[in-house]
Amino acid sequence: MKPLIVANWKMNPISRKQAEHLFESIRKEICGIQNIEVILCPPFIYLDFISKKTSKDIKLGGQNIFWDRQGPYTGEISPQMLKDIGCDYVILGHSERRKNFKETDEIINKKIKAVLKSRLKIILCVGEESRNSFNKDGRWTGEVDLVLREQVLRCLEDIDESQMANIIIAYEPVWAISTTENSCVAVPDDALSASLLIRKTMHQKYNEKIARSLRILYGGSVDSKNVIDFMKEDGIDGVLVGGAGINSSEFTRLVKAVSGQYLSAEQKTVISRF
């Protein structure tokens with residue numbers, strides 16, 4: 001499968017004119033790149049005009065949804081609305097929504113079930129908050145394993161094997177996000193350890209086939225300078241970017257770097273460490 005490059009624009013940019021410029025700059029630079037899949041997730045209000053200009057080189061995603069189809073939910077957006085406007089993906093469980101809007105794994109689970117009915121693909125974010133979960137040697141402690149495992153299992157409660165084809169998991173350690181207070185730098189081994197744990201959890205919950213086929217992204221201060229180091233790790237199938245996604249020059253450098261270095265699935269080492 002093609003690697004995924006997902007740009008979460010968050011609450012940026014501040015005007016439609018800036019959003020149009022950002023989108024057009026990205027589209028122009030990555031036109032014709034076919035060996036990776038680029039997904040842009042702009043604010044809801046920009047989805048309509050961007051959807052009219054997207055091409056096969058770029059897919060669209062939403063940043064969040066509500067779990068009901070329609071009704072008296074002021075300010076909310078349903079999965080069906082995203083689908084109707086041209087989205088193929090939606091981000092759920094982002095660390096900023098967990099923190100700022102108190103979204104729990106149980107709420108995220110309700111949203112996942114709603115999205116699956118609309119046939120959107122889900123980018124499910126999971127990740128521990130503190131780097132202190134690592135010991136002095138930089139090795140993972142049981143606490144990290146427990147946090148990630150419980151997040152994954154609670155978010156995927158009552159989700160059956162057949163539905164997993166529409167779910168992607170993004171490992172997003174909160175401590176590595178540049179906008180987090182006292183953030184620190186993550187290294188590729190961090191992403192690898194997380195991906196192996198997630199696949200092991202999928203193996204235990206479902207089976208080996210699901211564990212191997214699950215697409216796992218890394219997110220946490222990814223840019224054009226470090227993206228290849230993360231993408232070289234077995235088990236990392238793409239990246240979820242924040243700040244780099246709203247800088248057209250930096251984002252296109254990142255996309256071109258991955259496109260130039262990507263090895264096909266047949267060339268990559270088969271993952272067997274779970």
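1. **The lining of the largest pocket.** In this predicted model, the lining of the largest pocket is made up of 13 nonpolar, 7 polar and 4 charged residues. The pocket holds about 590 Å³ of space. Among the 24 residues that line it, K10, M11, Q63, R97 and F101 are the closest to its centre. Two elements give two or more residues to this lining: α2 (44-51) and α4 (95-100). If you wonder how such a space is found, rolling a probe the size of a water molecule over the atoms shows where empty space is left.

2. **A loop worth a slow look.** Start with K10, one of the residues closest to the centre of the largest pocket. K10 is found in the loop between β1 and α1. Its phi is positive, about 55°, although K10 is not a glycine. Is K10 buried or exposed? It falls in between: K10 has a relative accessible area of 22%, so it counts as partly exposed. P13 also has its place in the loop between β1 (4-8) and α1 (16-30). The peptide bond that leads from N12 to P13 is cis, and its omega is near -15°. Try finding both of these features on the model before you move on.

3. **Strand β3 and its neighbours.** Now turn to strand β3, residues 58-62. Why can we call β3 largely enclosed by the rest of the structure? Because 4 of its 5 residues are buried, where buried means under 20% relative accessible area. β3 pairs with strand β2 (residues 37-41) in the parallel sense, over 3 bridges. If you would like one pair to locate, K59 in β3 is the bridge partner of I39. β3 also pairs with strand β4 (residues 89-92), again in the parallel sense, over 2 bridges. There, G61 stands opposite Y89 in β4.

4. **How the chain gets from strand to strand.** With those pairings in mind, follow the path of the chain. β2, α2 and β3 make a β-α-β unit, and this unit is right-handed. From β3 the chain crosses through helix α3 (residues 79-85) to β4, and that β-α-β crossover is right-handed too. Notice that α2 has come up before, as one of the elements that give two or more residues to the lining of the largest pocket.

5. **Helix α5.** Here is a small check you can do yourself. Helix α5 runs over residues 105-118, which makes 14 residues. What span should we expect for helix α5 at 1.5 Å a residue? The expected value is 20 Å, and the end C-alpha atoms are 20 Å apart, so the two agree. Several α5 residues are buried, including I108, I112, V115 and L116. D105, N109 and K111 are on the buried list as well. Just after α5 comes R119, whose phi is positive, near 70°.

6. **Helix α7.** The check can be repeated on helix α7, with its 18 residues (188-205). At 1.5 Å a residue α7 should span 26 Å, and its end C-alpha atoms are 26 Å apart, so this helix agrees with expectation. Buried residues in α7 include P188, L192, L196, I198 and M202, along with D190 and R199. K200 also has its place in α7. With a relative accessible area of 42%, K200 is partly exposed. K200 and R212 are 12 residues apart in sequence, and their C-alpha atoms are 9.4 Å apart in space.

7. **Strand β7, covered on both faces.** Which residues of β7 lie on each side? R215, L217 and G219 are on one side and I216 and Y218 on the other, and all of them are buried. This sorting follows a simple pattern: in a regular strand the side chains alternate between the two faces of the sheet. Strand β7 covers residues 215-219, and 5 of its 5 residues are buried. β7 runs parallel to β6, and 4 bridges join the two. Y218 in β7 is the bridge partner of Y171. β7 also pairs with strand β8 (residues 238-241), in the parallel sense, over 3 bridges. In that pairing, G219 stands opposite L240 in β8.

8. **One last spot to check.** D158 is found in the loop between α6 (142-155) and β6 (167-171). Its phi is near 65°, a positive value in a residue other than glycine. Is D158 buried or exposed? At 61% relative accessibility, D158 counts as exposed, because the cut-off for exposed is over 50%.

Key:
Residues numbered from 1 in each chain as written. Predicted model: local features only at pLDDT ≥ 70, side-chain atom pairs only at ≥ 80, totals over all residues. Heavy atoms only, no water. Expected span 1.5 Å × (residues − 1). Buried < 20%, exposed > 50% of the residue type's maximum accessible area, 1.4 Å probe, protein only. 1 Å grid on protein atoms, 1.4 Å probe; cavity = no way out; pocket = protein on both sides within 12 Å on 5 of 7 lines; lining within 4 Å. Points joined across faces, edges and corners; volume = space filled by probe spheres on them. Nonpolar A, V, L, I, M, F, W, Y, C, P; charged D, E, K, R; others polar. Pairing = 2+ DSSP bridges. Right-handed = clockwise from strand over helix to strand, strands pointing away.
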